[in-house]
Amino acid sequence: MATAETTASAAPRPAGAAAPAAATFRIWRGQANAGSFADFNATISEGMVVLDVVHQIQATQAPDLAVRWNCKAGKCGSCSAEINGQPKLMCMTRLNTLDLTQPVTVEPMRTFPHVRDLVTDVSWNFRVKQRIAPFHPKPAGADGVWRESQADVDRPQEFRKCIECFLCQDVCHVLREHNKFAEFIGPRFLIHIAQLEMNPLDDGNRLAALKDDFNIGYCNITKCCTKVCPEGIAITDNAIIPLKERVVDEFYDPVRRLFRVFR
Ligand code: SF4
Ligand code: SF4
Ligand code: FES
């Protein structure tokens, strides 16, 4: 078993080209950020995804290789990793989208504390969620019924598709490069707040927290989060920008400020 410390380039296999029968997978091994890449030879067949290769390596060469997964269907959000340097779900990354003539690197998400091999500790995300005021219903109408328009139902629907894979958190430079874990909640939780704030039946107000505790102003709309979301959620355009507009309206609109002073 050889070791290496480089990241391979990736170019998908041209359509119609036969899959190589074997490929090299360069997988991160080690614990708590102390580790290195190890090369494994994998037998390739049509239709395989990266998670299949990891399972094959577990079964034949490295039974102690740690990996987190559950559904193998892109729905549980457990198998997040960096494949050839790109944040992706291992179970949804088909081998025919990778250049198998080069070693394929598979490493854990680098933004979160490393546990072992491909597994990271994502518990910070769950602590963040606990800091966000949950849904709080408005009183029902006089007839005891809550009503909302179909448009209001539809608008936050895409945010409900989130599978909490945390790939968007992994790629956000405010967390990854600037380590603002105490001050910034990241794109996953900005869409969670958008889902709550856009619900007309909710009477919570999270705008002050967004400005002062969760520092939405740190987001400079690079859209990196949107690009990696496996659910195709328009995180920046449909959640973050509307939330930023609400914060600006609430706290920086001079007419509203004047109104607040007199109120
Ligand atoms: S758009 Fe904002 S939240 Fe998304 S990755 Fe960039 S800085 Fe982070
Ligand atoms: S918004 Fe997308 S990338 Fe972020 S946690 Fe949810 S599904 Fe994953
Ligand atoms: S194993 Fe569930 S999303 Fe990949």
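## Exercises on loops, strands, domains and ligand shells

K72 sits in the loop between α1 and β4 (80–83); helices (H or I, at least four residues) and strands (E, at least two) are DSSP runs, numbered from the N terminus. Before we go on, a word on the setup. This is a predicted model, so local features need pLDDT of at least 70 and side-chain atom pairs count only at pLDDT 80 or more, while totals for chains, interfaces and linings use all residues. Residues are numbered from 1 along each chain as its sequence is written, and chains are lettered from A and ligands numbered from 1 in the order in which they are written.

**Exercise 1. Look at the backbone of K72 and D117: what is phi in each, and is each residue buried or partly exposed?**

Step 1: start with the usual case. Most residues other than glycine have a negative phi.

Step 2: read the angles. K72 has a positive phi near 55°, and D117, also not a glycine, has a positive phi of about 50°.

Step 3: place D117. You'll find D117 in the loop between β7 (114–116) and β8 (119–120).

Step 4: count neighbours. A residue is buried if 20 or more other C-beta atoms (placed from the backbone) lie within 10 Å of its own, exposed if 12 or fewer, and partly exposed in between. K72 has 17 other C-beta atoms within 10 Å, so K72 is partly exposed. D117 has 23 C-beta neighbours inside 10 Å, so D117 counts as buried.

**Exercise 2. Work out which strands pair with β4, and in which sense.**

Step 1: set the rule. Two strands pair if DSSP finds at least two bridges between them.

Step 2: go to β5 (residues 86–89). β4 and β5 run antiparallel and are joined by 4 bridges, and S80 has L89 as its bridge partner in β5.

Step 3: check the turn. The hairpin of β4 and β5 has 2 residues between the strands, and N84 takes a positive phi near 50° there.

Step 4: go to β6 (residues 104–107). β4 pairs with β6 over 2 bridges, again antiparallel, and I83 is partnered by V106 in β6.

Step 5: look at the side chains of β4. S80 and E82 point one way, A81 and I83 the other way, and all of them are buried.

**Exercise 3. Split the chain into domains and find what the domains share.**

Step 1: take the bounds, which come from an automatic or database domain assignment. Domain 1 covers 3–120 and domain 2 covers 123–262.

Step 2: look at the meeting place. The contact (C-beta atoms, placed from the backbone, within 7 Å) takes 12 residues from domain 1 and 13 residues from domain 2.

Step 3: find the core. A nonpolar core is a set of buried Ala, Val, Leu, Ile, Met, Phe, Trp, Tyr and Cys residues joined through C-beta atoms within 7 Å. The largest one has 59 residues, and F25, V54, M90, V106, C168 and L190 have the most contacts inside it. Its largest share, 5 residues, comes from helix α1 (residues 50–60). Each domain gives this core at least three residues.

**Exercise 4. Compare what surrounds ligand 1 and ligand 2.**

Step 1: a residue is near a molecule if its C-beta atom, placed from the backbone, lies within 6 Å of it.

Step 2: ligand 1 has 14 residues around it, with C172, P187, C219, T222 and C225 nearest. α5 (173–176), α8 (224–228) and α9 (235–252) each supply at least two residues of this shell.

Step 3: ligand 2 is surrounded by 16 residues, and C162, C165, C168, R188 and C229 are the closest. α6 supplies the largest share of this shell, 3 residues.

Step 4: sort by class. Ala, Val, Leu, Ile, Met, Phe, Trp, Tyr, Cys and Pro count as nonpolar, Asp, Glu, Lys and Arg as charged, and the others, Gly among them, as polar. The shell of ligand 1 has 9 nonpolar, 4 polar and 1 charged residues; the shell of ligand 2 has 13 nonpolar, no polar and 3 charged.

**Exercise 5. Follow α6 inward: which residues of α6 are buried, and why does L190 count as one of them?**

Step 1: the buried residues in α6 are P187, R188, L190, I191, H192, I193 and A194.

Step 2: L190 has 25 C-beta neighbours inside 10 Å, so L190 counts as buried.

Step 3: leaving out residues up to four places away in sequence, L190 touches I185, I216, A239, I240 and L243.

Notes: Contact = placed C-beta atoms within 7 Å.
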